[in-house]
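This report describes the architecture of one protein model, moving from its sheets to its cores and its empty spaces. Please keep the sequence and the structure in view while reading.

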Amino acid sequence: MEQTKKFMHVAEVVSQSRLTEDICSLWIKDRDIAENARPGQFVSLFTRADSRMLPRPISICETNRNKGTIRLVYRIVGSGTKEFSCLSGGEPIEIMGPLGNGYDLNCKEPVLMGGGIGIPPLLMLAKELSAMGIPKKQLHVILGYRDNAFLLDEFKKIADIHISSDSGAIGRKGNVVDCAREEDVTGECIFSCGPTPMLRAVKRYAYENDIPAQLSLEEHMACGIGACLACVTRTAEPDEHFKVNTRRVCKDGPVFYAEEVEL
């Protein structure tokens with residue numbers, strides 16, 4: 001989970017489309033970020049409005065190193081992401097990244113558990129693991145949706161898919177842990193990304209089944225580079241620099257081993 005070099009550029013929007021009513025898929029051309037990004041990392045996008053100085057952190061969904069492009073799949077939740085949703089091909093966008101720590105990919109039979117907007121970064125992870133030679137039948141992906149499914153067909157091409165939703169309208173009713181238990185999904189390790197309640201359940205499930213787990217935390221961020229301490233999370237051990245039981249999600253994470261963090 002070592003840090004990679006980060007870049008700040010004015011990049012170019014390649015294209016954008018809607019996956020659902022409020023979820024967008026944005027392709028941006030930035031060769032440096034595309035070549036250096038690893039699964040689990042994110043970028044910061046800057047708006048054009050002077051009243052919105054802080055960047056918006058968005059996880060990297062996938063990269064195309066040949067074309068020098070990255071894909072960001074995000075939900076429209078406020079004025080910043082609403083502005084991004086209006087971007088079209090050829091427009092400039094200020095971007096910084098890749099940021100944070102990615103996943104440790106040393107696993108022969110992984111179980112990926114993602115919920116909500118924590119699903120997109122798992123697509124990059126799944127594609128990387130598939131490219132490393134992990135066969136489809138050993139690459140287990142459990143996706144938890146609120147309502148409408150997205151990115152599902154892309155996961156199906158490379159992984160063994162299991163689906164859950166809050167209402168049961170898509171897949172099994174319940175969360176990703178309920179789905180793992182009911183469908184007896186087992187593996188060597190767990191990679192997870194999603195809202196804190198889901199990660200808390202995944203951590204408990206991993207502990208009960210003695211499976212190592214890596215969790216990508218969702219936190220509100222400000223600077224995105226570890227300077228402002230706005231996105232700290234509780235940890236089991238003291239931080240080596242500040243000597244307190246907290247870590248910065250943007251700088252020390254967003255990926256942590258389950259035993260490192262208290263959720």
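Helices (H or I, at least four residues) and strands (E, at least two) are DSSP runs, numbered from the N terminus. The model is a predicted one.

**The largest pocket**

With that numbering in place, which strand gives the most to the lining of the largest pocket? Strand 4 does, with four residues. The pocket itself has a volume of about 760 Å³. Its lining consists of 27 residues, and the closest to its centre are Pro57, Ile58, Val77, Ile117 and Glu219. The elements that contribute two or more residues to the lining are strand 4 (56–64), strand 5 (69–75) and helix 2 (79–84).

**The barrel**

Strand 4 and strand 5 also belong to a closed barrel of six strands, which runs 1-2-5-4-3-6 with antiparallel pairing. On average, neighbouring strands of this sheet are turned by 45° against each other, direction ignored.

The pairings can be followed strand by strand. Strand 3 (residues 42–46) is joined to strand 4 by four bridges, and the two run antiparallel. Strand 4 in turn pairs with strand 5 in the antiparallel sense, again over four bridges. Strand 2 (residues 23–29) is joined to strand 5 by seven bridges, also in the antiparallel sense. The table lists residues that face one another across these pairings.

| Residue | Partner | Strand of the partner |
|---|---|---|
| Phe42 | Ser59 | strand 4 |
| Val43 | Ile58 | strand 4 |
| Ile60 | Leu72 | strand 5 |
| Glu62 | Arg71 | strand 5 |
| Lys29 | Thr69 | strand 5 |

Strand 4 and strand 5 form a hairpin with four residues between the strands, and within this hairpin Gly68 takes a positive phi near 70°.

Is strand 5 buried or exposed? Seven of its seven residues are buried, so strand 5 is largely enclosed by the rest of the structure. The cover extends to both faces of strand 5: Thr69, Arg71, Val73 and Arg75 are buried on one side, and Ile70, Leu72 and Tyr74 are buried on the other.

**The open sheet and its helices**

A further sheet is open and has seven strands in the order 10-9-8-7-11-12-15, with mixed pairing. Strand 10 (172–173) and strand 15 (255–257) stand at the edges with a single partner strand each, so one side of each is left without a neighbour in the sheet. Strand 7 (residues 110–115) and strand 8 run parallel and are joined by five bridges. Within this pairing, Val111 has His140 in strand 8 as its bridge partner.

Helices pack on this sheet. Helix 3 touches strand 7 and strand 11, and its direction makes about 165° with that of strand 7. Helix 6 (residues 196–208) touches strand 7, strand 11 and strand 12 (213–216), and its direction makes about 170° with that of strand 11. Helix 3 has a link to the barrel as well: it lies across strand 4 and strand 5, running at about 30° to strand 4.

**The nonpolar cores**

In soluble globular proteins, nonpolar side chains tend to be buried together. In this model the largest nonpolar core has 31 residues, and those with the most contacts inside it are Leu112 and Phe155. Two or more residues come from each of helix 3 (120–131), strand 8 (140–145), helix 4 (152–156), strand 9 (160–165) and strand 11 (189–193). Helix 3 gives the most, with five residues.

What does Leu112 touch, beyond residues up to four places away in sequence? The residues are Leu122, Leu125, Ala126, Leu129, Leu139, His140, Val141, Ile142 and Phe191. A second, separate core has 29 residues, including Phe42, Ala201, Val202 and Leu217. Phe42 thus has two roles in this account: it belongs to the second core and stands opposite Ser59 in strand 4.

**The enclosed space**

Rolling a probe the size of a water molecule over the atoms shows where empty space is left. Apart from the pocket described above, there is one cavity of 30 Å³ or more. The largest cavity has a volume of about 40 Å³. It is lined by Val111, Met113, Val185, Thr186, Gly187, Ile190, Tyr205 and Ile211. Among these lining residues, Val111 has already appeared as the bridge partner of His140.

Conventions
Residues are numbered from 1 along each chain as its sequence is written. This is a predicted model: local features need pLDDT of at least 70, side-chain atom pairs count only at pLDDT 80 or more; totals for chains, interfaces and linings use all residues. Side-chain values use heavy atoms; hydrogens and water are left out. A nonpolar core is a set of buried Ala, Val, Leu, Ile, Met, Phe, Trp, Tyr and Cys residues joined through side-chain atoms within 4.5 Å. Buried means under 20% relative accessible area, exposed over 50%, partly exposed in between (1.4 Å probe, protein chains only). Contact means heavy atoms within 4.5 Å. Two strands pair if DSSP finds at least two bridges between them. Axes are lines fitted to C-alpha atoms, for helices over the stretch in contact, and angles run from 0 to 180 degrees between N-to-C directions. On a 1 Å grid over the protein atoms alone, a cavity is a set of points where a 1.4 Å probe fits but cannot get out, and a pocket is an open set with protein on both sides within 12 Å along at least five of seven lines; lining residues have an atom within 4 Å of a point. Grid points are joined across faces, edges and corners, and a volume is the space filled by probe spheres set on the points.
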